[in-house]
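Here's a quick walk through a few spots in this model. Have the sequence and the 3D view open as you read.

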Amino acid sequence: MRAPDSDGGDVSRPGAAAYAAEWARAVRRIGFVPLSAAETERLLAPLTERLGEALLAPAFSARPAEEVGRALVEAHLTEPGVLDWSVQALGDRFLPWVLPSRTESPELRERVALLQGAFAAGFARALRDRVFSQQERIARSAWQARDTVEQALRDSEARFRAVFTGAAIGIGIAGVDGQIIEVNQSFADMLGYTVAEMRRMNVSALAYADDAAGMWELYKELIEGKRDSARVEKRYYRKDGSVVWTDLAVSLIRHDDGRPRFTVAMVEDITQRYELQQRLRFQALHDPLTGLPNRTLFFESLGEVFDGAGPDQRVGLCFIDLDGFKAVNDSLGHDLGDRLLKVIARRLSDCVAGRGHLVARMGGDEFVILVDSDGGIDDAVEVAELALAAVSAPVHVGDQQLAVSASIGIVECPAAETSVGDLMKAADTTLYWAKAEGRGRWAVYDPERSAADIARSALAANLPAALDRGEFVLHYQPIVSLLDETMVAVEALVRWQHPELGLIGPDRFIGLAEETGLIVRLGAWVLRQACRDAESWRCAYPETSPVVSVNLAARQADDPAIVETVAEALQHTGLPAELLQLELTESAVMGSAGEPLRTLHQLADLGPRLAIDDFGTGYSNLAYLRRLPIHCVKLAGPFVEGIKGDGDAVADHRDERIVDALVRLAHALELSVTAEAVETEVQAERLRALRCDTGQGRLFGAPMPADGIRTRLGG
């Protein structure tokens, strides 16, 4: 067989025959077929060729597919599964079998889709026409016979009774007052009554309390003659109290003058189909592992809360995440992890059972409880504490006893003040707070804290661009000799000249730079700029030019390129290495597990001085410290603040003894000592008495721009 198309493609005759054979086998497998296997294949073979010809016709029309669908109904191949298999196979298998060389053609695939729709439409129309035709024949057989002769009436009544009695679906006739006149045996069996019992009943006695809204209004319009037919899915009570779902089609039969006469109902039992639909819906809306509602059902329920919320309606939820669940999966396996999740899900469901709260699994080890209560934040907190208690109890899974905890973010607020998206975002943020505060606890959403976090995130996001735009500046704080108060060094302190927020101190962005990794780039810029400023001071005042001290963050100090970065800064600016001091924290100097930084000696070989910042607050190992190329230690500010002389004399004396010990220790290691945070003359005098070498703080000058240092050197 050949059918022309734009490219002259061929429909494969062997492929078409194979497709027709497969089609025939599927049809016979799905249900009863009033034809032999060979007859079925002979019926479907020309239909297959007709579909192929329609597919490749130069002037495309989907009408042949509609006629093929109608032909199946005319051949009594009306099982629903026949339509389902045929439409699906037309989309999945037709091209590969019948036209294997053109399976990737977008035009042909579009034609196939149109053929699918036309096929289904033809099948449905033919089936509808047949049902309506049967219904019409029944009605005419029942009532037009009275106008014919006696013999015709008896023949018509016999035919009607044969159809009425032998029909596989339920048929009932009722007057316009609802009184049942006649039912067939199928209808009576469907509801568990005898035919005689149903003849004594009114339609209203079969009513189901929760019928769909508008059902009885629809029936009222029918018996009043405002409409001729209606079709609905409806529940009926069986005699034993059980429920049967039906597909109900009701038609109005009129008198010759058009007045309503009675109604004819055709009722099909669809309970199995309905239950299948319900099972499929349950599977779509529930987590297959735990059986809890899934995120789809949760968001449906949450949306309903917002849609029906009044002006005073409040909404609350607890967002739950198990602590360390990944470690359970990694160490004990996913099977054990799944069993643990089942136990936790059951506990969460049980702990709020009877309270009306919805417990859902959001995915992974995350759960959420939608709090159905008007009790405000107290009720939400109570639910969270119940959930924590339920989770924290030991879990026995197989031969393992597991101890787990959870973190919970609580959000409770008026529904009018938020939305579904904002509520979930707030819950996620609050859950993060609970984990950051130590896990195994709950945290309540705080709008002010959230705003601060958002502002902090905005700063973090703007850091790279700010560095590219040159928005960072350096200020320098003098470091003076405590013997004569001459300025011997300055510490470079970075500031952010934000275009909207003004001058921002390092406490607001250095931590962000470390978290994002930008600290390496920012630190390199600070180093180069500090070296440039120091070189300009040296050129102007070679005799009194101060050492410039630059802080290296732990992440920056551990960067493999730090030695090269320092060398390039010195080389490009021309600053002598002895006028540069690099400050590192104790933890950075000691490295991990007490080991010195691998690059520390390489930095010392370049010539700059090395200093330990915040000395006394870390965990210095003296055996290592005495072998490191350190030149200076800077006493942590809290020790100096403790010797102000205006507080508790005992505490003041204790802090002074600590400073004395630290200074003696540093001098014993041949290190100079700088005291930070010197604010009063009393502190300066006591530090001199303790033989501290240098000091810095507000007493000797606040941080200032590079021009301020130049002015001080010139004065």
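Buried means under 20% relative accessible area, exposed over 50%, and partly exposed in between (1.4 Å probe, protein chains only). This is a predicted model, where local features need pLDDT of at least 70 and side-chain atom pairs count only at pLDDT 80 or more, while totals for chains, interfaces and linings use all residues. Residues are numbered from 1 along each chain as its sequence is written, and side-chain values use heavy atoms, with hydrogens and water left out.

Let's begin with two arginines. Most residues other than glycine have a negative phi. Arg 439 and Arg 691 go the other way, as the table shows.

| Residue | Phi | Loop | Relative accessible area |
|---|---|---|---|
| Arg 439 | near 65° | between H16 (420-436) and S12 (442-444) | 43%, partly exposed |
| Arg 691 | near 70° | between H27 (681-689) and S21 (694-695) | 61%, exposed |

The H and S labels are DSSP runs numbered from the N terminus: helices (H or I) have at least four residues and strands (E) at least two.

Now for strand S4, residues 243-254. Buried or exposed, what are most of the residues of S4? Buried: 10 of its 12 residues are, so by the cut-off they have under 20% relative accessible area. Two strands count as paired if DSSP finds at least two bridges between them. On one side of the pairing list is S3 (residues 229-237), which runs antiparallel to S4 with nine bridges, and Ala 230 stands opposite Val 250 in S4. S5 (residues 260-269) is also antiparallel to S4, again over nine bridges, with Thr 246 partnered by Asp 269 in S5.

Both pairs are hairpins. S3 and S4 have five residues between them, and Gly 241 in that turn has a positive phi of about 95°. Five residues also separate S4 and S5, where Gly 258 takes a positive phi near 95°.

Last stop, the second largest pocket. A pocket here is an open set of points on a 1 Å grid over the protein atoms alone, where a 1.4 Å probe fits, with protein on both sides within 12 Å along at least five of seven lines; lining residues have an atom within 4 Å of a point. The second largest pocket holds about 780 Å³ of space, and its lining has 33 residues, with Glu 491, Leu 493, Pro 506, Asn 551 and Asp 613 nearest its centre. Elements giving two or more lining residues include H19 (519-540) and S18 (609-615). S14 gives the largest share, five residues.

Methods
Points joined across faces, edges and corners; volume = space filled by probe spheres on them.
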